Amino acid sequence: MPTQRQFNHAYLLDGREWRAELSKGVNAVTARYMVMLEEPLANDELPDDITGLPKLGDAHPTFDGLIVKSIRHSEGTGAAKTRLEITVEYGEPDEPEQPEGATDNYIEKIGWQSGSIQRDLTNDVETGVAVLNSAGQPFESVPQVDRPAPTFVKVFKTKTRKSYIRYVDKVNTANLSVGGQTFAKDMVRCNQADEERIFGDADGYKYRYSIALQVMSNKVKLNGAGTATECGWQVPIVDCGTSQISQTDSQKIERVSVQTEDGRQVPVSSPVLLDGAGHFDPSRRTPYVFLVVAYERTTFPSEFTSEA
């Protein structure tokens with residue numbers, strides 16, 4: 001076996017560099033060393049085990065919490081090829097990777113807040129019967145009603161940055177358990193995902209997140225069904241209007257007309273019930289209610305709802 005080459009001692013050079021940040025102090029240091037070789041390195045030879053030179057992962061002798069993150073070697077050229085300059089960079093250790101399923105969260109606050117929101121009143125909540133005027137037609141101005149909309153609030157700190165803002169104004173795509181209760185699809189909407197940068201936390205937490213999940217229940221009989229459907233944050237709409245698809249030409253839209261007592265056909269001046277296919281049927285008394293998907297569905301991170 002070839003004998004391992006011994007290198008001369010590395011000497012610390014002048015010209016250190018360092019960086020300090022507010023509330024963190026010195027968090028990066030660069031030091032330069034020089035080694036004088038007795039003979040140039042071979043083309044395939046790399047220096048190893050140089051005395052007086054720190055190794056990767058070694059702690060800084062003065063600044064607590066800093067370790068050697070990288071070591072760069074620079075070989076001279078020509079007559080200076082026996083001069084080897086080495087740059088040692090100290091920095092903060094990388095955050096350890098979390099095992100799958102683990103969390104680096106520290107919960108500061110969790111709980112429910114009361115609240116309500118106005119919605120169109122399309123159905124009687126007890127009978128499920130559509131809300132129409134005494135003539136069996138939709139109101140020109142749809143009645144509004146306050147519906148309970150409690151909000152689940154959670155505030156927690158993390159050591160790593162999260163991309164939670166993309167969940168704002170989205171609703172749950174499946175059953176979701178929040179604050180000890182389970183809610184159906186479309187009932188839970190994220191209306192807040194605030195991020196705050198933390199400095200100087202004793203335990204190393206760097207970000208604070210404030211999450212708000214607002215719950216909405218709105219049961220409506222859709223499409224003439226006999227049972228009510230939970231619409232949640234999606235919007236039920238009574239099919240009505242003053243125009244319809246032409247009965248003779250499906251490519252045309254025409255004003256709805258009704259017959260007066262003297263037999264004349266006159267255009268309507270307020271919305272009338274349509275049948276769900278774009279047509280007016282004067283004998284129709286049952287409204288056709290359809291659902292508009294107003295909020296994109298998603299799967300929320302477990303951090304939004306977990307209580308541990």
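The exercises below concern the nonpolar cores and aromatic rings of a predicted model. Local features need pLDDT of at least 70, side-chain atom pairs count only at pLDDT 80 or more, and totals for chains, interfaces and linings use all residues. Residues are numbered from 1 along each chain as its sequence is written, and side-chain values use heavy atoms, with hydrogens and water left out.

**Exercise 1.** Describe the largest nonpolar core and the strands that supply it.

*Solution.* A nonpolar core is a set of buried (under 20% relative accessible area, 1.4 Å probe, protein chains only) Ala, Val, Leu, Ile, Met, Phe, Trp, Tyr and Cys residues joined through side-chain atoms within 4.5 Å. The largest one has 18 residues, and Val188, Ile211 and Leu213 are among those with the most contacts inside it. At least two residues each come from β9 (151-158), β11 (176-178), β13 (188-197) and β14 (207-215); strands are DSSP runs (E, at least two residues), numbered from the N terminus. β14 gives the largest share, five residues. A second, separate core has 15 residues, including Val35 and Val88.

**Exercise 2.** Classify the ring pair Phe156 and Tyr209, and place it in the chain.

*Solution.* Rings of Phe, Tyr and Trp (its six-membered ring) pair if their centres lie within 6.5 Å; planes under 30 degrees apart are stacked, over 60 edge-to-face, the rest tilted. Here the centres are 6.1 Å apart and the planes at 35°, so the pair is tilted. Phe156 lies in strand β9 and Tyr209 in strand β14, 53 residues apart. Both Phe156 and Tyr209 are buried. They belong to one aromatic cluster that also includes Tyr164 and Phe300.

Note on methods
Buried means under 20% relative accessible area, exposed over 50%, partly exposed in between (1.4 Å probe, protein chains only). Helices (H or I, at least four residues) and strands (E, at least two) are DSSP runs, numbered from the N terminus.
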